[in-house]
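Q: Please take a close look at the enclosed space inside this protein. Describe what lines it.

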Amino acid sequence: NVSLNGQRIGSLETITPPLQLALPVPAGALRAGENRLTISRPPSPLLDDIVISEIAWIPQPRHAVLGAARLTVNVTDADTGEPLPCRLTWTDPAGTLMPLQADRTASLAIRTGVVYTGNGGATFSSVPGTYTLYASRGFEYSVATATVTLAAGDHPTVTLQLRREVPTPGLIAADTHIHTLTHSRHGDATIDERMLTIAGEGIELAVATDHNHHADYSEPARRQGVAAHFLPVVGNEVSTKAGHFNAFPVPPGGPVPDATLTDWTHLLQHIRSVTGARVITLNHPRDVHQNFTPFGPANFDVATGRLRDLDALDLDAIEVVTSAAMQSDVMLLYRDWFALLNHGYRVAAIGASDTHHVSEFILGQSRTYVASDARTPTEIDLDAVCTSFKQGRLLVSFGLLTQLTVDDRYHVGDLATGLGATLRVTAQVLGPSWINADRIELYANGLKIREEAIPPSNRVEKARVTWTLPRPKHDVHLVAIASGPGVEAPFWDIPRPYQPASKTFTPRVIGSTNPIWIDADEDGRFSSAREYARRIIAHAAVTGRDLSTLLPDYDEAVALQARALAGLAK
């Protein structure tokens, strides 16, 4: 909170990039003699560091200062020439987000240094000076940059072009975790502003997930003129004392699940029966809400993947990257997910934003690419989308997009059968020109078995790597994960962790697959590490052999499960 002589005049913006904040001083707030400006943190268990470099008082009305010079911007698609929804980022030459203002009647979403436009056009004003203007449209597009110098009374026009760089045939970009101030009652994005951020970040399937509320984006999308750019899906973040779960699709006017339930078996059955939702996801499993952490030590064994003694888990997916709720260790939730798979739970990995804001957390920064035959958002078959979630035909993207094939014929979500003595495993890493990758890793049952360095490149294809592997002695799930240096540019700055485990944070971009299931034992099905562990223990009991003599034929994931089942390890 910012107060002058005890009178609140505004608040700081809790955002990582540096910004210049322009707060109006009400008439009569200043007094003769000493004046006291106070910046104070409200009581909260989550306290942020505050960095202040400079404070100035300008004896003119705010609207006059910010209205001294105007700029009109038009952004088009470089290939079609059509206007393109996008994000405009306005900074000084050092990269500080700078204040601006626009006509309140304009169909724009505006925050300090940021403008979202649904048609590629925007007119705004700012203080005279020299600025850097960025135009961007999320992960798949290039970034256009212009240096703009404004003098008092100026009103130039700048035209920029964006080009789609990352090819995504057979895939649609989804953000399955989106909030509005209108219905969730926190954050700052109204439902109309939210439509502009969805279109402006290039999301093609947008799932509304306000807390314990069914929200329908269809009418606001039409009202803002962006309905052709994405398919709105009605969902609900069922927010309980035992975790947050997204459910979709749900009927707009249908009953809302009972958020007082805490037993996961009953809760998940209840959500499906009440809403008819085909997809349920577990959100930000390492976050603490109401003193409960879904993957906290009281509920989850990170080594074996045992989760609250549940033999069955009626979930379709878990968030492994949530860009508005980042982990200090970007691999933490991947290790959790691998443990779940080894335990025998069949859940997919997804990425989502969980944004409640216009610019503090970027919508679609983390996203899920879903297998789909749709060529445009209006052609998306929602039933087919749900099937892809059920089958794990999904890719997690947080700045990179990683594909995986086995023997050039099996893809993510497939059961690979009829295999030879060796496997040809190919990973492809894609990203826009403004993002780099530096490594690609291959995991079998969550154990890293291959790794390759990737040199810096502004090419779209960052890497294509092929490994020849001996066929495993038992079934394994294969997952590829690419990563690279984090983006610090103001148009796509990676936020710091939501609940940090360390004061040190090294931002990374990441792109991962879901599993290809390797049927190494050729029985026509996939068996988890835990299933093999049960067989080993049964064999040891029948033959009288010592368990330790049987384990060398299996990987460490199976051995760990066997030792846990036999009570030899916690």
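A: What follows covers the cavities, then one pocket. This is a predicted model, where local features need pLDDT of at least 70, side-chain atom pairs count only at pLDDT 80 or more, and totals for chains, interfaces and linings use all residues. Residues are numbered from 1 along each chain as its sequence is written, and side-chain values use heavy atoms, with hydrogens and water left out.

A search of the whole structure finds 2 cavities of 30 Å³ or more. On a 1 Å grid over the protein atoms alone, a cavity is a set of points where a 1.4 Å probe fits but cannot get out; a pocket is an open set with protein on both sides within 12 Å along at least five of seven lines; lining residues have an atom within 4 Å of a point. Grid points are joined across faces, edges and corners, and a volume is the space filled by probe spheres set on the points.

The largest cavity has about 80 Å³. Its lining counts 13 residues, and Val320, Val321, Met326, Gln327 and Val330 lie nearest the centre. Strand S18 (317–322), helix H6 (332–343) and strand S30 (508–513) each give two or more residues to this lining. Helices (H or I, at least four residues) and strands (E, at least two) are DSSP runs, numbered from the N terminus. S18 gives the largest share, 3 residues.

The second largest cavity holds about 40 Å³. Its lining is Gly243, His244, Asn283, His284, Asp287, His289, Phe292 and Pro294.

The second largest pocket holds about 420 Å³. Of its 22 lining residues, Arg137, Tyr141, Arg164, Glu204 and Pro377 are the closest to the centre.
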